[in-house]
Each structure stands twice: as C-alpha cells, then as structure tokens.
Amino acid sequence: MTRAVVVTESASASVQDVGSEFLRPGSPDADGVTVDVEWSSLNFKDGMALTGDRGVARRLPLVPGIDVVGTVAEGDAAGRFNAGDSVVVNGAGLGETRHGGYAETAYVSAASLVELPEDITPRRAAAIGTAGFTAMLSVLRLERDVAPDDGDVLVTGSAGGVGSVSIALLARLGYRVVASTGRPEQADFLRSLGAADVIDRAELSDAGKPLQKPRWAGAVDSVGSATLANALAQTKWGGAVTACGLAQGSDLPTTVLPFILRGVSLHGINSVDAPAALRRTAWERLAVDLDLDLLDSLTDEVALGEVPGLAGEILRGRVRGRTVVDVRR
Ligand SMILES: NC(=O)c1ccc[n+]([C@@H]2O[C@H](COP(=O)([O-])OP(=O)(O)OC[C@H]3O[C@@H](n4cnc5c(N)ncnc54)[C@H](OP(=O)(O)O)[C@@H]3O)[C@@H](O)[C@H]2O)c1
C-alpha cells in the first residue's frame, strides 16, 4: 500500500492508503515506466482537480498531481529508462485522465519522461514543475519573434507560477519585463525576480478597445479573457503574444484588428501534450536559463497531507510563486 491524495465522486480530496492495482492504468502503456515519486507540485490545474472539476478530473476516483519527479523503479521494455534514473514528467494526462503525482508510485509512459538535467535537483525540478515548464515553452516561442532590444515584454498573472518563472527567465535573457499583478504587496517580490516595472492588473482586466496605444514588444499571458484581449490591443507592430491560461476566463473578447493592422501574432502554448523533443529542449534550456537560487526564493514546500487544503488557495489566486509537495512527508 502507498499513500495518495484521492478525489472521489463526492468531489472531496483526502489522503488514503491505496494499492498498486488502484494506481496502475486501466490500459497499460506499451512503453510503461514505474516511478518512485519523491516530489510533485501545486498548479492551478491541480486546484481544479482537487475540487473535482470535471474539466480536469476526467475520471473519478482520481489521484491529482500533474507533475511527477522521482526515480525509475522499473524501466520500459525498450530500455530507454532504467531503474535508478532521475526523471521528471509534466502533464501527459497525469492528474487528469490517469493517476498523477500525489502518490508514492506513478505509472507513466516513457514517451513523456525526461531525464533530469544534472544541474537540477529533484526538488528544484518540482519547483519548476508544469508552471515553469510552461513558462519555458512560452519564452521559447516568444524569442523566435521578439528580441530583448525590441521593447518591453508584459507578463500577466505575474505573482503566480507561470508568471513568476516567466519573469525570472525573461529578465535573465535580457528582456525588460513589466509585471501585471492584482497583488500590489508583491511588487518587491516581482522586482526581485527581475521585473523592471510592476502594473496593477486592473489596467488590463476590463473590456477595452481592440487597438490601443502600443506598449509591448511581446507578452506572456496566463490569464486569458479581457486581459489577453488588452495585451493584444497594446502590442506593437509585428509583436508576439503567448497564451497558456485562463485564470481570468477562457473567453477572448477581441477582433481581428491587432492581427491584420499590426501584424501581431498570438501563439498557443500547450504543455500537456508537448512532444518528447520539445520537452527535452525546454528542460535543457531551464538548466541554463533559470537562476536556480532565484527559483528557491519563489518556492514554498508542503507535505502531501497539506495538499487537499490548498486547492481553494490556488484557485483564489492566493498562492505566490511555486509550491513543491514532498510526497513522502
Ligand atoms: N496551457 C498549458 O499547458 C498550461 C500550463 C500551465 C498552466 N496553465 C494555465 O495557466 C494559468 C496559470 O497557471 P499557474 O499554475 O501559474 O496558476 P497560479 O499560480 O494560480 O497563477 C495564476 C495567476 O493569475 C492571476 N489571476 C488569478 N485570477 C485572476 C483574475 N480573475 N483576473 C486576472 N488575473 C488573475 C494571479 O496573478 P496576480 O496575483 O499576480 O494577479 C494568479 O496568481 C492557469 O489557467 C493554468 O490552468 C496552462
């Protein structure tokens, strides 16, 4: 038996003892790997799964946890991963369509596994987690169109997981970052990550005109809705905006004008189904481009048993930066 956080049909989450038969996927992966989980993390999506939101928790009962960091206990038949390898998986259906990282054992597909870069400890890999991985995917996309000397880059939802890691990455790469937040008390924290300027998210959260005074060379958005529409409306000619999230809403109240009159590009970011090569590239870049001491400064740690109580906190936007889960504590 191993300990796991389980969400049941009644949408309540609790720590339970479960057997390996419970955790094993119904249809085993052809390239299945068994991982002894050491760390997971808390993401917005985990908050949704912990409350039984069927948009994320596609099966019940479910062990949430979209991130898994640990050691391979049993490798895949093709020998790509072997017992003792230190590995990370982000997304790939974990904590959505299959049991995820809030358990001491995870059954995953080799196709979604990445060997941890040498310089990143397992705890730091969990601190990066899906939010940091998604921030890296956003930056990889943005830097194809926007150079540091093109102008300011806006980061929305900036005190959250994707936002805070995006600031740290962009600032280290030489971009001048403007952080938008609803938590003015976090301004010093955001500046410590590398934000040159901090603005109130209220400037962006109400419906606005489809074309506004150009302010940004690019933007990394994890908020969606009117915020994303305003970011597009304020992006300069030829600029680029990445969209990964819906913390404000999944709607996008805009027109074609930013695209056809300013040549602005909008790029969707999806971490869940990222192909293996892109996963490896992102993790290699995180090992080089993320200041890991800075990462520590935006990371809190909780024990597995504390996770059910944190769902409401992250959904209400009260969690700052990243939260790692010590699955064995
Ligand atoms: N596409 C993908 O693969 C992918 C991957 C990871 C995450 N996501 C999505 O990206 C979003 C952020 O994830 P996360 O893990 O970074 O979550 P998080 O840590 O909870 O951060 C979200 C941030 O959004 C801001 N926010 C919350 N409610 C808002 C509202 N009503 N209006 C405007 N801003 C609001 C808050 O920032 P401030 O307090 O600074 O205002 C909050 O900290 C979520 O929607 C998540 O599902 C998608």
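The largest pocket in this predicted model has a volume of about 1,200 Å³. Its lining is made up of 50 residues, and those that lie nearest the centre of the pocket are F44, S222, G245, L246 and A247. Several elements give two or more residues to this lining: the helices α2 (44-50), α3 (122-142), α4 (161-172) and α11 (311-315), together with the strand β9 (177-181). Sorted by chemical character, the lining divides into 24 polar, 18 nonpolar and eight charged residues.

Where does the largest pocket lie with respect to the domains? Residues of the lining come both from domain 1 (2-116 + 298-326) and from domain 2 (131-268), so the pocket lies between the two.

Attention can now turn from the pocket to the packing of nonpolar side chains. The largest nonpolar core contains 51 residues, and the members that touch the most others are I167, L169, L170, L190, W283 and L290. Helix α3 gives the most to this core, with twelve residues. Both domain 1 (2-116 + 298-326) and domain 2 (131-268) are represented here too, each with at least three residues in the core.

W283 is a good residue to look up in the structure. Setting aside its neighbours within four places in sequence, W283 is in contact with V88, N90, V114, P117, I120, A125, I128, G129 and F133. Apart from the core that includes W283 lies another one, of 40 residues, with L50, L310, V325 and V327 among them.

Notes:
Residues numbered from 1 in each chain as written. Predicted model: local features only at pLDDT ≥ 70, side-chain atom pairs only at ≥ 80, totals over all residues. Heavy atoms only, no water. 1 Å grid on protein atoms, 1.4 Å probe; cavity = no way out; pocket = protein on both sides within 12 Å on 5 of 7 lines; lining within 4 Å. Points joined across faces, edges and corners; volume = space filled by probe spheres on them. Helix = DSSP H or I, 4+ residues; strand = E, 2+ residues; numbered from the N terminus. Nonpolar A, V, L, I, M, F, W, Y, C, P; charged D, E, K, R; others polar. Domains from an automatic or database assignment. Core = buried A, V, L, I, M, F, W, Y, C linked by side-chain atoms within 4.5 Å. Buried < 20%, exposed > 50% of the residue type's maximum accessible area, 1.4 Å probe, protein only. Contact = heavy atoms within 4.5 Å.
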